[in-house]
Amino acid sequence: MSADLNCSNCGAPLDYTGSETTVHCPYCGSSVVVPEELRLVQAEVAAKQNLKDLSLWIKIFLILIILSMLIPACLGIIGTFTGIIAAIFGIVVAIISPLIGALLSILTGR
Ligand SMILES: [Zn+2]
């Protein structure tokens, strides 16, 4: 991009970003008008930027879709494990509480 434009006064290569119609030469200080064909490149740069923006939006969209599927899946997994832990806890309580009752009745002598 920068190799296409040289200073008309001193011939130094100029950095051209594709957004301006004139470029200020950093070597001799003269103002160089960007040729018409390089301004067409500017449209190309804008098109590439648009494409980049579009692919960014597609990425954001895909990430949102994946998240909208992952979050319910994660909640489901968390719910499953919570249910399993609650079931284990219930089984443990069901086994232990008669034993505690028996132990208490032995200790109190009733
Ligand atoms: Zn110059």
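User: Let's start with Phe81. Which element does Phe81 lie in?

Analyst: Phe81 sits in helix α1. Keep in mind that this is a predicted model.

User: And how do I read its environment: is Phe81 buried or exposed?

Analyst: The idea is to count the C-beta atoms around a residue; 12 or fewer within 10 Å makes it exposed. Phe81 has 10 C-beta neighbours inside 10 Å, so Phe81 counts as exposed.

User: What about Met69 and Val92: where are they found?

Analyst: Met69 is in helix α1, and Val92 is found in helix α1 too.

User: Why does Met69 count as exposed?

Analyst: Because just 10 other C-beta atoms lie within 10 Å of Met69. Val92 is exposed as well, because it has 10 other C-beta atoms within 10 Å.

User: How do I use distances between residues here?

Analyst: Put the separation along the chain next to the separation in space. Take Phe81 and Ile66: they are 15 residues apart in sequence, and their C-alpha atoms are 22 Å apart. For Val92 and Ile63, 29 residues in sequence go with 42 Å from C-alpha to C-alpha. Then there's Met69 and Tyr16, 53 residues apart along the chain, with 45 Å between their C-alpha atoms.

User: Now Ser31. Which strand is Ser31 in?

Analyst: Ser31 belongs to strand β2, which covers residues 31–33.

User: How far is Ser31 from Cys7, C-alpha to C-alpha?

Analyst: Those two are 24 residues apart along the chain, and 8.3 Å separates their C-alpha atoms.

User: Which residues does Ser31 touch?

Analyst: Leaving out residues up to four places away in sequence, Ser31 touches Thr22 and His24. Even with those contacts listed, Ser31 is exposed, because 11 other C-beta atoms lie within 10 Å.

User: Let's zoom out. How many helices and strands are there, and in what pattern?

Analyst: Count the elements, then read them along the sequence. The protein chain has one helix and two strands, and they run β-β-α.

User: How do I judge the overall shape?

Analyst: Set the radius of gyration against what a compact globule would give. For 110 residues that would be near 13 Å, but this protein chain has 37 Å. The box is a useful second check: along the principal axes, the C-alpha atoms fill roughly 110 × 25 × 15 Å.

User: What share of the residues counts as buried?

Analyst: Just 1% of the 110 residues in the protein chain. For contacts, look at how far apart the partners are in sequence. Among contacts with a separation of 6 or more, 13% link residues 24 or more positions apart.

User: Where are the domains, and how far apart are their centres?

Analyst: The protein chain is divided into domain 1 (1–34) and domain 2 (49–110). Taken over C-alpha atoms, their centres are 63 Å apart.

User: Last one: where is confidence lowest and where is it highest?

Analyst: Start with the average, then go element by element. The protein chain has a mean pLDDT of 88, and 94% of the residues score at least 70. By element, strand β1 (residues 22–24) is lowest, with a mean of 89, and helix α1 (residues 36–108) is highest, at 91.

Methods. Residues are numbered from 1 along each chain as its sequence is written. This is a predicted model: local features need pLDDT of at least 70, side-chain atom pairs count only at pLDDT 80 or more; totals for chains, interfaces and linings use all residues. Helices (H or I, at least four residues) and strands (E, at least two) are DSSP runs, numbered from the N terminus. The radius of gyration is taken over C-alpha atoms; the globule rule is 2.2 Å times the number of residues to the power 0.38. A residue is buried if 20 or more other C-beta atoms lie within 10 Å of its own, exposed if 12 or fewer, and partly exposed in between; C-beta atoms are placed from the backbone. Two residues are in contact if their C-beta atoms, placed from the backbone, lie within 7 Å. pLDDT is the predictor's confidence in each residue, from 0 to 100. Domain bounds come from an automatic or database domain assignment.
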